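Visitor: I should like a close look at a single part of this model, with its surroundings explained as far as they can be.

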Amino acid sequence: MAISPPSDIVMDVARAAEPADVEAARAALARRTGGTTGSFSADQAASIDAGSVLSRAAADKAEATNPARKFQRFEAMVLQTFIQNMMPKDTEGVYGKGLAGDMWKSQLSEQVADIMAKHGGIGIARSMLADHYLDGKRTVPVGPVGGGPLKTEIDQQTRLSTSMVEELERKAARSMTGDDATIKTDIKI
């Protein structure tokens with residue numbers, strides 16, 4: 001069963017409204033936009049100011065400074081996959097048949113996943129953020145580091161930790177055999 005909406009629902013509602021209500025709605029919209037009024041046009045190039053549109057690259061650049069938002073988007077993507085797989089398969093009466101029905105189901109699962117992720121999700125973003133720690137006000141990843149002075153410091157700490165573990169292993173081996181001459185090294189830490 002398909003839905004056949006009238007040609008333009010919005011214009012039909014506007015025509016049916018009282019003229020005073022239409023003017024009140026226009027005034028409220030003008031207040032929300034800061035008092036600027038613009039004409040509506042079917043040509044998007046004529047109605048959109050190129051400077052006011054936030055491009056995808058600019059949005060990604062702004063989001064790069066907020067790692068929590070990136071992890072939240074990742075969690076939403078994972079949740080969307082979960083939700084799509086949990087949705088019933090035999091829903092042609094609700095969403096429609098074929099590609100259109102699949103698109104509706106996909107959009108529904110995307111919106112549900114976005115809302116779930118914004119409200120905490122299942123903890124994927126939170127656990128990924130836990131892999132970072134704050135050094136003052138700077139967020140530092142716990143994982144591998146590409147290079148530079150931070151890499152040198154982490155390598156030195158790793159070598160020190162490894163040598164301490166090896167020393168403990170040697171002491172344990174000596175205590176089990178009772179022989180101090182079993183393992184002798186000239187390593188200085």
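My request concerns one pair of side chains: why are Arg26 and Glu23 separated by about one helical turn?

Guide: Arg26 and Glu23 are separated by about one helical turn because they lie 3 residues apart in helix α2 (residues 19-32); helices here are DSSP runs of H or I with at least four residues, strands are runs of E with at least two, and both are numbered from the N terminus. An α-helix has 3.6 residues a turn, so residues three or four places apart point the same way.

This is a predicted model, in which local features need pLDDT of at least 70 and side-chain atom pairs count only at pLDDT 80 or more, while totals for chains, interfaces and linings use all residues. Residues are numbered from 1 along each chain as its sequence is written, and side-chain values use heavy atoms, with hydrogens and water left out.

Arg26 and Glu23 form a salt bridge, with their closest N and O atoms 3.1 Å apart (a salt bridge is a side-chain nitrogen of Lys or Arg within 4 Å of a carboxyl oxygen of Asp or Glu). Arg26 counts as exposed, at 53% relative accessibility, and Glu23 as partly exposed, at 46% (buried means under 20% relative accessible area, exposed over 50%, and partly exposed in between, with a 1.4 Å probe and protein chains only).

The count comes to 2 salt bridges. Another pair that meets the rule is Glu167 and Arg170, whose closest N and O atoms are 2.8 Å apart. Glu167 and Arg170 are 3 residues apart in helix α9 (residues 149-177), and therefore about one helical turn separates them. Here Glu167 is partly exposed, with a relative accessible area of 25%, whereas Arg170 counts as buried at 11%.

Helix α9 itself has 29 residues, and its first and last C-alpha atoms are 43 Å apart, close to the 42 Å expected at 1.5 Å a residue (the expected span is 1.5 Å times one less than the number of residues). Gly178, which follows α9, has a positive phi near 80°.

From the salt bridges one may turn to the interior. Ala76, Leu79, Ile83, Met87, Ala113 and Ala117 make up the largest nonpolar core, which has 6 residues (such a core is a set of buried Ala, Val, Leu, Ile, Met, Phe, Trp, Tyr and Cys residues joined through side-chain atoms within 4.5 Å). Two elements, α5 (67-86) and α7 (98-118), each give two or more residues to this core, and α5 gives the most, with 3. The end C-alpha atoms of α5 are 29 Å apart, in agreement with the 28 Å that its 20 residues should span at 1.5 Å a residue. The buried residues of α5 are Phe71, Gln72, Glu75, Ala76, Val78, Leu79, Gln80 and Ile83.

Leu79, one of the core residues, is in contact with Ala113, Met116, Ala117, Gly121 and Ile122 when its neighbours within four places in sequence are left aside (contact means heavy atoms within 4.5 Å). Ile122 lies in the loop between α7 and α8 (124-129). Although Ile122 and Leu79 are 43 residues apart along the chain, their C-alpha atoms are separated by 8.4 Å. With neighbours within four places again set aside, the contacts of Ile122 are Glu75, Leu79 and Phe82.

Helix α7 holds Gly101 as well, a residue that counts as buried at 1% relative accessibility. Beyond four places in sequence, Gly101 is in contact with Tyr95 and Gly96. The C-alpha atoms of Gly101 and Thr91, 10 residues apart along the chain, are separated by 8.4 Å.

As for the whole, the protein has 9 helices and 2 strands, in the order α-α-α-α-α-α-α-α-β-β-α. Of its 189 residues, 12% are buried. Among contacts with a separation of 6 or more, 46% join residues 24 or more positions apart.

Confidence varies along the chain. The protein averages a pLDDT of 74, and 62% of the residues score at least 70 (pLDDT is the predictor's confidence in each residue, from 0 to 100). Helix α3 (residues 44-47) has the lowest mean among the elements, 46, and α7 the highest, 90. Over residues 40-53 pLDDT stays under 50, and for this stretch the model has 4 contacts beyond four places in sequence.
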